[in-house]
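User: I'd like to go through this one and check what the labels rest on. Can you take me through it?

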Amino acid sequence: MSDFTLVIGNRNYSSWSLRPWMLMRHLQLSFDEILIPLDQPDTRARIAQHSPAGRVPVLRHRDWVIWESIAIGEFLCELTGQGWPRERGARAMARVVSAEMHAGFGALRAQWPMNARATGRRTPMTPGLRADIERIDALWSDCRRRHGAQGPWLFGDYSLADAMYAPVALRFRTYGAVLSAAALAYLDTLLQDPPLLQWLRAAELETWSIAAGEAGLGPLAADVAQADAQRADRDEHLAQEQQQAADEGQHRDDEQGRDHGR
Ligand SMILES: N[C@@H](CCC(=O)N[C@@H](CS)C(=O)NCC(=O)O)C(=O)O
């Protein structure tokens, strides 16, 4: 039994659970996990056994019980002496962008619920959603511009700030956010992160479905699916044409080779 127990919700839908889970994996802490499926008749009672606040995630360590994802992150950084940038100014900014995520981006959270395994979803764009996406794009781009030379994460090395934005990466992937090149490059880093891929694989195996988390399945998503299929057809056709041209070129070269040989 480990010294740490992390209580989480469904991997597919519980964005708040993902954050401390990612940090713990990056801090290389071993921990036991208790998964409580959300939106079930006994969810509330089961969470209440671990936290007076009635929400996951919850971290148990020795006699301490810590809830609120950002407080769990702070606690783990303090305990390990890792997880925040070393330089004071960068550390302050990492706290700022983490707090901004914890307290804000209400439109993004409401309109693009995390649905880890879903792709190709589309919802109508609203001013609030656009403003949240643009703010996150600007914030990511600014951090990368300042700290890109020190490593691939927002502040060079991995920090709690990256863990706070991991669920945003999944949302951007699910709903097809349009981003700047700098933000796209960081999105790719988040989406290729091995712990995130491990979480995603487990989410794909879950069988629970929560209606409130299934957004973006309407006609817009059907348009996207159709456009994707057309693009795939076009790409396949182009590849066939290129292959045919290459085969014909090879055939001509062979013929010429034979002529010269004669
Ligand atoms: N501010 C909290 C939010 C936690 C939260 O809202 N958790 C959701 C799951 S992602 C929850 O526990 N919901 C309880 C329920 O669905 O019954 C944090 O940062 O940890």
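User: What makes β1 and β2 a pair, and are they parallel or antiparallel?

Analyst: First, a caveat: this is a predicted model, where local features need pLDDT of at least 70, side-chain atom pairs count only at pLDDT 80 or more, and totals for chains, interfaces and linings use all residues. Residues are numbered from 1 along each chain as its sequence is written. Now, strands (DSSP runs of E, at least two residues, numbered from the N terminus) pair if DSSP finds at least two bridges between them. β1 (residues 4-8) has four bridges to β2, so the two count as a pair, and they run parallel. Within that pairing, Thr5 sits opposite Asp32 of β2.

User: Why are β2 and β4 called edge strands?

Analyst: The open sheet is ordered β2-β1-β3-β4, with mixed pairing. β2 (32-35) and β4 (64-67) each pair on one side only, which is why they are the edges.

User: How do you know which residues surround the ligand?

Analyst: A residue is near a molecule if its C-beta atom, placed from the backbone, lies within 6 Å of it. There are 15 around the ligand, with Ser14, Trp16, Leu38, Arg55 and Ser69 the closest. α1 gives the largest share, three residues. Helices here are DSSP runs of H or I, at least four residues; α1, α2 (43-48) and α3 (69-80) each supply at least two.

User: What makes up the shell by class?

Analyst: Five nonpolar, seven polar and three charged residues. Asp, Glu, Lys and Arg count as charged, Ala, Val, Leu, Ile, Met, Phe, Trp, Tyr, Cys and Pro as nonpolar, and the others, Gly among them, as polar.
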